Amino acid sequence: EAAEKEGYAHFMIKEINEQPKGVSETLNRRLNKEGNIELDSIKITKEDLDKIDKVYIVACGTAYHAGLVGKYAIEKYAKIPVICDIASEFRYSDPFIDENTLFIAISQSGETLDTLAALREAKRKGARILSVVNVVGSSVARESHDVFYTWAGPEIAVASTKAYTTQLTAMYMIALHMAITKESMSKEKYDSIIEELKNMPEKIQKILDDYVIAQHLADTQFNNESVFFMGRGLDINAAYEGSLKLKEISYINSFAIAAGELKHGTIALIEDDTLVIALATQDRLYEKMLSNIKEVKARGAYVVAIAKEGNKEIEKSADTVIYIPDTMDELTPILSVVPQQLFSYYMAVARGCDVDKPRNLAKSVTVE
Ligand code: G6P
């Protein structure tokens, strides 16, 4: 096992560090000589897309969080309405699915029972099934019409990290491919997003090189028994994943809330020194996030903001700022999740938790 960890203390931190490679492989293996996306053997024609009137994305856990970002990307780029659902809810909700539905299952293992059952249900109702899977030849992959494999490599730690960033990459690529095929996006825009996706491995690496920031924060905050995450737009989706990471490996009571919802209940829980992680990477929503940061600060919270490099102004409002490299608003989750993964990891280490095998959890849930 020590050899497999290649000098890292845990599989989780090894896998966090493998993200530049995973994202790069997931992307570059499907860019042709002209720099355009080729989705393996997946053939989605303009006629197919003209027929599709809705997309369902279904998954569990971290894969579901990747689905939420996928929904945003497909709606924004390909202009098709998307419903993103948790597999265990989808199965029992009598979903409105027919042959004009594209059903996307996301699963690292490809063996999650609820995801597999949801896929079978959608298939029975006539949907076209595309899956985004990491494990080659897994059940979800075998039962789908089309498979897009992520190139994360084997993920051993129970807490999923590199699977998530490669799933995000896959979802952006699927959305871009749909958009260019459907002609709902200009070639210039398409090229510019692909160019920026190509920069992601290097930008992730930059965050990884600065791991001491998250480590130091964890060393001063590990005694907290509750932590709140907040954000707006895509930031809340990345915050859901950050919060899940923290609770699953450090056993800290944590949840993520859309910042605009704070005043409808959660703000009652904020008191002196409550730790709040505020994601503020979306230019369009930045002013709104600043007000939310001020609201929780006024109630005594200790605010750690995650913001884009160059945003010095936020230092006036937050207690600590963790910067991610500048990028397009719609791609930030690939970067903003990384300091959150590092923070969770170092929190769990500081609390003496079994990082790779947290209590009560399984890597793949193959029972109901
Ligand atoms: C388990 C794992 C999670 C994972 C979820 C879905 O709960 O602990 O890390 O996100 O299952 O797994 P899948 O293999 O379908 O992505």
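## Exercises on a predicted model

The chain has 13 helices and ten strands. The model is predicted.

**Exercise 1.** Judge how compact the chain is for its length of 368 residues.

*Solution.*
- Start with the radius of gyration, which is 20 Å.
- Set it against the globule rule, which gives 21 Å for 368 residues.
- The two values are close, so the chain is as compact as a globular protein of that length.
- For the extents, take the principal axes: the C-alpha trace spans about 55 × 45 × 45 Å.

**Exercise 2.** Describe how helix α8 and helix α9 pack.

*Solution.*
- Two packed helices are described by the angle between their axes and the distance between the axes.
- Locate the pair: α8 covers residues 162-182, and α9 covers residues 187-209.
- The axes come within 11 Å and cross at roughly 165 degrees.
- Angles over 145 degrees count as roughly antiparallel, so α8 is roughly antiparallel to α9.
- Add the handedness: the crossing of α8 and α9 is left-handed.
- Now list the contact. From α8 come T169, Y172, L176, A179 and I180. They meet Y190, I193, I194 and L197 in α9.
- Sort these contact residues by character: eight are nonpolar, one is polar and none is charged.

**Exercise 3.** Characterise the shell around the ligand.

*Solution.*
- Count first: 15 residues surround the ligand.
- Pick out the closest, which are G61, T62, S107, S109 and T112.
- Trace the shell to its elements. Helix α4, residues 61-78, gives the largest share, three residues.
- Split the shell by character: nine residues are polar, five are nonpolar and one is charged.

Technical notes:
Residues numbered from 1 in each chain as written. Predicted model: local features only at pLDDT ≥ 70, side-chain atom pairs only at ≥ 80, totals over all residues. Near = placed C-beta within 6 Å. Helix = DSSP H or I, 4+ residues; strand = E, 2+ residues; numbered from the N terminus. Nonpolar A, V, L, I, M, F, W, Y, C, P; charged D, E, K, R; others polar. Axes fitted to C-alpha atoms, helices over the stretch in contact; angles between N-to-C directions. Parallel < 35°, antiparallel > 145°, perpendicular 65-115°, else oblique. Left-handed = near helix turned anticlockwise from the far one by under 90°. Contact = placed C-beta atoms within 7 Å. Rg over C-alpha atoms; globule rule 2.2 N^0.38 Å.
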